[in-house]
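Reader: Hey, I've got a structure open and I'm a bit lost. Can we go through it together?

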Amino acid sequence: MNTNFQGRLAVVTGASSGIGLAVCDLLLQRGARVLAFSRRLGALEALQALHPEQLHWCAGDVTDIDALHGLAERAGRLGAVDYLVPNAGIARLAPGCDMQAFEQQWQVNGAGAINTFQVLRPHLARPASVVFISTFLRQLGFAGLGGYIASKAALSALVRSLALEHAGDGLRLNLVSPGPTATPIWNSLGLADDALAGVASEVGKRLVDGEFLDPQAIAEVVLFQLSNGARGVHGQDWVVDKGYTLQ
Ligand SMILES: NC(=O)c1ccc[n+]([C@@H]2O[C@H](COP(=O)([O-])OP(=O)(O)OC[C@H]3O[C@@H](n4cnc5c(N)ncnc54)[C@H](OP(=O)(O)O)[C@@H]3O)[C@@H](O)[C@H]2O)c1
C-alpha cells in the first residue's frame, strides 16, 4: 500500500473545481489532510460530505495578501504543511498588447502563486514538496492567450530559480504544465458555444487520441511530484499534454 500521504497535511489553492479539485480528491483518497483555498466552495461541497474530518476549506482570493495570511494562520493551527499546490488560475482572451489583461492574469497566475508560497513558507515542514501549475502553452503562441501564456511562462522561470534558492532549506519546488484539460476554465474564456467547439476541435487534432485530458490525469502526476518517489526532482516543469507540444 502507498502510505506516502497518510496523515500528512496538504494545502491546495484553486480547489473548488477542475484540476485543484482533482488534486484534493486524490490526496484525500490517499489519506492526506487537505486545507483547500478558493473564493467559492463550489464542488468541494461534495468532497466535504465524504471527508468531513480530513478536508478543511478556507475562503479567499490569492490576490488578497490578507486572505493568504489567513490561510497560513489556519494551516499553522493544523500543523506543518508537507505539500503545497498553488494551483489557482484564470485565463482571459485578450489581444497580446492588452497589458491590463496581462496584469490581471499575472496577479492570479504568477504573483498569486508566488505569494502563496512566500506566505506559507514559514509553515512548511522540512522536508516539504511544492508543485506549481503552469501550462503546456508556456513556450508556444496561441492567438488571444498571450497575456495568459506570459503570466505562466514567467511563473515557470521564477520557480526554477526559487527551487535553487530553497533546496538547502529542505524544500523541493517543481511545476506541472497541464495540456488541454476538460475543466470549467475553457468556458470562462467567454466564447460562444460554436466558437468554443471550433477551438476544442482544432486543439483536439494535436492530441494523441483527440480527447482533452481529464483533471485526474493531471492530479496523478502532481501527486507523484509531491511524493517521496520524486525526491530527486528539483525545479523541473513536467508537461502532461497528450502530445500537443510534440508537433
Ligand atoms: N484546463 C486546462 O486546459 C489547463 C491547461 C493548462 C494549465 N491549466 C492551469 O490549471 C490550473 C487549474 O485550472 P483549471 O483548468 O482546473 O480551471 P478551473 O476549473 O477554472 O479552476 C480554477 C480554480 O482557481 C480558482 N481561482 C481562480 N481565481 C482565483 C483567485 N483569485 N483566488 C483563489 N482562487 C481562484 C477557482 O476557484 P474560485 O472561482 O472558487 O475562486 C477554481 O477553483 C490553473 O492554474 C490553470 O491555468 C489549466
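Author: Sure. One bit of wording before we start: Ala, Val, Leu, Ile, Met, Phe, Trp, Tyr, Cys and Pro count as nonpolar, Asp, Glu, Lys and Arg as charged, and the others, Gly among them, as polar. Also keep in mind that this is a predicted model.

Reader: Ok, so how do the residues of the shell around the ligand divide into nonpolar, polar and charged?

Author: There are 13 nonpolar, 16 polar and three charged residues in that shell.

Reader: And which ones come nearest to the ligand?

Author: Out of the 32 residues around the ligand, the nearest are Gly-14, Gly-18, Arg-39, Gly-89 and Thr-183.

Reader: Which element gives the largest share of the shell?

Author: That's α1, with three residues. Helix α4 (99-120) is also in there: α1 and α4 each supply at least two.

Reader: Let's stay with α1 then. Which of its residues are buried?

Author: Gly-18, Ile-19, Gly-20, Leu-21, Ala-22, Val-23, Cys-24, Asp-25, Leu-27 and Leu-28. That's 10 of the 12 residues, so α1 is largely enclosed by the rest of the structure.

Reader: How far apart are the end C-alpha atoms of α1?

Author: They are 17 Å apart, which agrees with the 16 Å that 12 residues should span at 1.5 Å a residue.

Reader: What follows α1?

Author: Gly-31 does, and its phi is positive, near 95°. Gly-31 sits in the loop between α1 and β2 (33-38).

Reader: Is Gly-31 buried or partly exposed?

Author: Partly exposed, because Gly-31 has 15 C-beta neighbours inside 10 Å, and buried would take 20 or more.

Reader: What does Gly-31 touch, not counting residues up to four places away in sequence?

Author: Phe-5, Gln-6 and Gly-7. Take Phe-5: it is 26 residues from Gly-31 along the chain, yet their C-alpha atoms are separated by 5.9 Å.

Reader: New topic: α7. Which residues are buried there?

Author: In α7, Pro-215, Ile-218, Ala-219, Val-222, Leu-223, Gln-225 and Leu-226 are buried. They cover an arc of only 160° around the axis, which puts them on the same side of α7.

Reader: Why do residues three or four places apart point the same way in an α-helix?

Author: Because an α-helix has 3.6 residues a turn.

Reader: Nice. And what do the buried residues of α7 pack against?

Author: They pack against α1 (18-29), plus the strands β4 (81-85), β5 (124-133), β6 (171-178) and β7 (237-240).

Reader: Last one: how far does α7 reach?

Author: From first C-alpha to last, α7 (residues 215-226) reaches 16 Å, close to the 16 Å expected for its 12 residues at 1.5 Å a residue.

Methods. Residues numbered from 1 in each chain as written. Predicted model: local features only at pLDDT ≥ 70, side-chain atom pairs only at ≥ 80, totals over all residues. Helix = DSSP H or I, 4+ residues; strand = E, 2+ residues; numbered from the N terminus. Expected span 1.5 Å × (residues − 1). Arc of directions from axis to C-beta. Contact = placed C-beta atoms within 7 Å. Near = placed C-beta within 6 Å.
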